[in-house]
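Student: I want to test each label against its cut-off. Can we go through them one by one?

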Amino acid sequence: MGKRQLIYSASELASGLVGKEVNLLTRQRRVWHGHIISVSQSEVVLKDDRSGKHRFQVGDIDKVYQDVVTRY
């Protein structure tokens with residue numbers, strides 16, 4: 001099995017990422033890991049396994065990384 005990484009900029013975020021496990025990189029260079037709960041034009045809500053929900057303004061997001069497992 002292989003793995004590839006999909007990278008989205010803040011302007012490319014869409015509701016298709018809801019429920020996906022991602023790494024979110026802020027403009028302050030902090031990385032957050034969790035599942036996206038909701039995406040709107042103004043904010044993204046991420047749920048991690050320890051602290052619960054985190055809200056990020058779209059303007060504060062640099063990139064969102066999603067790992068995808070492939071067959072090869």
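What follows is a short exchange about terms and the values behind them.

Tutor: Ground rules come before the labels. This is a predicted model, in which local features need pLDDT of at least 70, side-chain atom pairs count only at pLDDT 80 or more, and totals for chains, interfaces and linings use all residues. Residues are numbered from 1 along each chain as its sequence is written, and side-chain values use heavy atoms, with hydrogens and water left out.

Student: How many helices and strands does the chain have?

Tutor: The chain has 0 helices and 6 strands. Both are DSSP runs, numbered from the N terminus: helices are H or I with at least four residues, strands are E with at least two. From the N terminus, the elements read β-β-β-β-β-β.

Student: What makes the chain as compact as a globular protein of that length?

Tutor: Set two values side by side. The radius of gyration is 12 Å, and the globule rule gives 11 Å for 72 residues; these are close, so the chain is as compact as a globular protein of that length. The radius is taken over C-alpha atoms, and the rule is 2.2 Å times the number of residues to the power 0.38. Along the principal axes, the C-alpha atoms fill a box of roughly 35 × 25 × 25 Å.

Student: In what order do the strands form the sheet?

Tutor: The order is S1-S6-S2-S3-S4-S5, in an open sheet with antiparallel pairing. Two strands pair if DSSP finds at least two bridges between them. The twist averages 40° from one strand to the next. Axes here are lines fitted to C-alpha atoms, for helices over the stretch in contact, and angles run from 0 to 180 degrees between N-to-C directions.

Student: Why are S1 and S5 called edge strands?

Tutor: Each pairs on one side only. Strand S1 covers 2-9.

Student: How do you know that S2 and S3 pair?

Tutor: Count the bridges. S2 and S3 are joined by 5 and run antiparallel. One facing couple is Glu-21 with His-35 in S3. The hairpin of S2 and S3 has 4 residues between the strands, and there Arg-29 takes a positive phi near 65°.

Student: How many bridges pair S3 and S4?

Tutor: There are 4, in the antiparallel sense. Ile-36 stands opposite Leu-46 in S4, and Ser-38 has Val-45 as its bridge partner. A hairpin of 3 residues joins S3 to S4.

Student: Why does Thr-26 count as buried?

Tutor: Its relative accessibility is 4%. Buried means under 20% relative accessible area, exposed over 50%, and partly exposed in between (1.4 Å probe, protein chains only). So Thr-26 counts as buried at 4%. Thr-26 lies in strand S2, residues 21-26. Leaving aside neighbours within four places in sequence, Thr-26 is in contact (heavy atoms within 4.5 Å) with Trp-32, Phe-56, Asp-60, Ile-61 and Asp-62.

Student: What share of the 72 residues counts as buried?

Tutor: The share is 32%.

Student: What makes Arg-29 and Asp-62 a salt bridge?

Tutor: Their N to O distance is 2.6 Å. A salt bridge is a side-chain nitrogen of Lys or Arg within 4 Å of a carboxyl oxygen of Asp or Glu. The pair therefore qualifies at 2.6 Å. Arg-29 lies in the loop between S2 and S3 and Asp-62 in strand S6, so the pair ties together parts 33 residues apart in sequence. Arg-29 is exposed at 57%, whereas Asp-62 is buried at 14%.

Student: Which residue does Arg-27 meet in a salt bridge?

Tutor: Arg-27 meets Asp-62, at 3.7 Å from N to O. That pair links distant parts of the chain, 35 residues apart: Arg-27 sits in the loop between S2 and strand S3 (31-39), Asp-62 in strand S6 (residues 61-70). Arg-27, Arg-29, Asp-62 and Lys-63 are linked in a network of salt bridges.

Student: How do you know that Glu-43 and Arg-55 form a salt bridge?

Tutor: The closest N and O atoms are 2.8 Å apart. Glu-43 lies in strand S4 (residues 43-47) and Arg-55 in strand S5 (residues 53-57), so this pair ties together parts 12 residues apart in sequence. Arg-55 counts as exposed, at 59% relative accessibility. In total, the structure holds 4 salt bridges.
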